[in-house]
Amino acid sequence: MESEFKQEDQVELKRSTKKRVLSIDIPQFATDLLEKLKEKYIFDFIVPDPHSREETIKKIHKAAERNTYDACFWVFKNAPISPFTKEMLGPLMPSCRLFITGAAGYDDLDIEWMAANGAYAANAQNAPTEGTAIMNLLLFLSVLRGSREAEQTMRSGKWHGNLPLMEDPRGKIVGIIGMGAIGKSFAQKIISLGGRVIYNNRTRLSKEEEESLDVQYVNFDELLTTSDVISVNCPLTLSTKNLLSKNEFQKMKDGVYILNTARGNIIDEEAFIEAIQSGKVSRAGLDVFVNEPSPNPFWLTCDKVTVQPHWGGFTTSTAVKVEEAILENIDTFFKTGRPLNPVNTPAIQL
Ligand SMILES: NC(=O)c1ccc[n+]([C@@H]2O[C@H](COP(=O)([O-])OP(=O)(O)OC[C@H]3O[C@@H](n4cnc5c(N)ncnc54)[C@H](O)[C@@H]3O)[C@@H](O)[C@H]2O)c1
């Protein structure tokens, strides 16, 4: 039977049935995969304003006026445009059924609002693991060797001045809070340097995994009281906000070292600063802060703290993995109705 549509209509019909994806930023690393997916799906790109969430929101809303989107994602450098809420993404509804962050953490996504409106939220899960574990190692070595103070002393023309001798990793007890992907990778690096790893996790690892990683489970209080170095590697949730506060600092060894590559709000900032000023914490290594990208000026001026601008995942190999993870989530979602790494459960499944 002859089609009731003219050829142009059929082309148009074919075009309009293609799924459409809004990309907040332009992927630059997984370009082969992107080109391949462009044969199946339409991608529109907007470049976020690096200094203004409001301007970025306007661009997203303008895109939503012009087109209907089935999925939306963002890649890197989220801090200036975060959080990802109804205010920002509302006009993409009701058609948009998938939002993907290029991060592993998803505390800055309103996943409940997305779920209530039938949309999945997904993350890049393990893509930033190795890059962030290496950042954890960099901060670990930096605090033990006092590299921040040594660099500062040399730059001020005093060579090594009156700096005391620094510490080595061998024999140090490292307490990891959150033995997930990053915690495990960091633990392996510590063991290879001769350190000992104890950990606390929401769920204890199997005996086999503990043995193969060479790590020992302890309760939270024991971790606080026995660690020479405490590394924060759990997600920020309602129950981990201010997990380390005044009471917890009091229980720690005098002169403890603190590392945080997870999220700033897991440590009560006021109590943390007080613990550094009093000498309870001898040095800290931080990749994450409260109120990014404008952290408390204390962190930028204190010589006892090594700071990095949420930089754990900013390596070329991580960037490839992150973009691939995002694109694979999209492809899988359009093929099966479910993304690879969902972090919520939509109330209405379509
Ligand atoms: N700095 C960066 O660039 C960067 C990059 C990636 C991830 N991150 C952060 O690191 C966090 C960890 O990443 P991951 O990939 O290892 O996540 P993951 O989900 O693999 O591991 C997190 C672990 O924390 C445990 N946990 C949850 N609540 C806990 C609690 N109250 N006490 C102890 N353990 C608890 C979980 O059981 C899980 O094993 C992310 O949530 C994210 O916030 C930061």
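Select Gly-175 first: this residue stands opposite Ile-198 in strand β7. Strands here are DSSP runs of E with at least two residues, and helices are runs of H or I with at least four, both numbered from the N terminus. The model is a predicted one, in which local features need pLDDT of at least 70 and side-chain atom pairs count only at pLDDT 80 or more, while totals for chains, interfaces and linings use all residues. Residues are numbered from 1 along each chain as its sequence is written, and side-chain values use heavy atoms, with hydrogens and water left out.

**Strand β6 and its partners**

Extend the selection to residues 173-177, which form strand β6; 5 of its 5 residues are buried (under 20% relative accessible area, where over 50% is exposed and in between is partly exposed, with a 1.4 Å probe and protein chains only). The strand is therefore largely enclosed by the rest of the structure. In a regular strand the side chains alternate between the two faces of the sheet. Here, Ile-173, Gly-175 and Ile-177 point one way, and Val-174 and Ile-176 point the other way.

Next, add β7, residues 196-200, which runs parallel to β6 and is joined to it by 5 bridges; two strands pair if DSSP finds at least two bridges between them. Then show helix α8, residues 181-192: β6, this helix and β7 make a right-handed β-α-β unit. Right-handed means that, with the strands pointing away from the viewer, the path from the first strand over the helix to the second runs clockwise.

Now select β9, residues 229-232, which pairs with β6 in the parallel sense over 4 bridges. In this pairing, Val-174 stands opposite Val-229.

**The ligand**

Which residues come nearest to the ligand? Of the 25 residues around the ligand (a heavy atom within 4 Å), they are Ala-181, Ile-182, Asn-201, Thr-261 and Asp-287. Display the backbone of Ala-181, where an N or O atom lies 2.9 Å from an oxygen atom of the ligand. A polar backbone atom of Ile-182 is likewise 2.9 Å from a ligand oxygen atom. At His-310, a side-chain N or O atom is 3.5 Å from an oxygen atom of the ligand. The protein covers 84% of the 860 Å² of accessible area that the ligand has on its own (Shrake-Rupley method, 1.4 Å probe).

**Strand β5**

Finally, select Tyr-120 in strand β5, residues 120-122. Tyr-120 is buried, with a relative accessible area of 7%. Its C-alpha atom is separated by 23 Å from that of Arg-53, 67 residues apart along the chain.

Technical notes: Polar contact = N/O pair within 3.5 Å; in protein donor to acceptor, adjacent residues only side chain to side chain.
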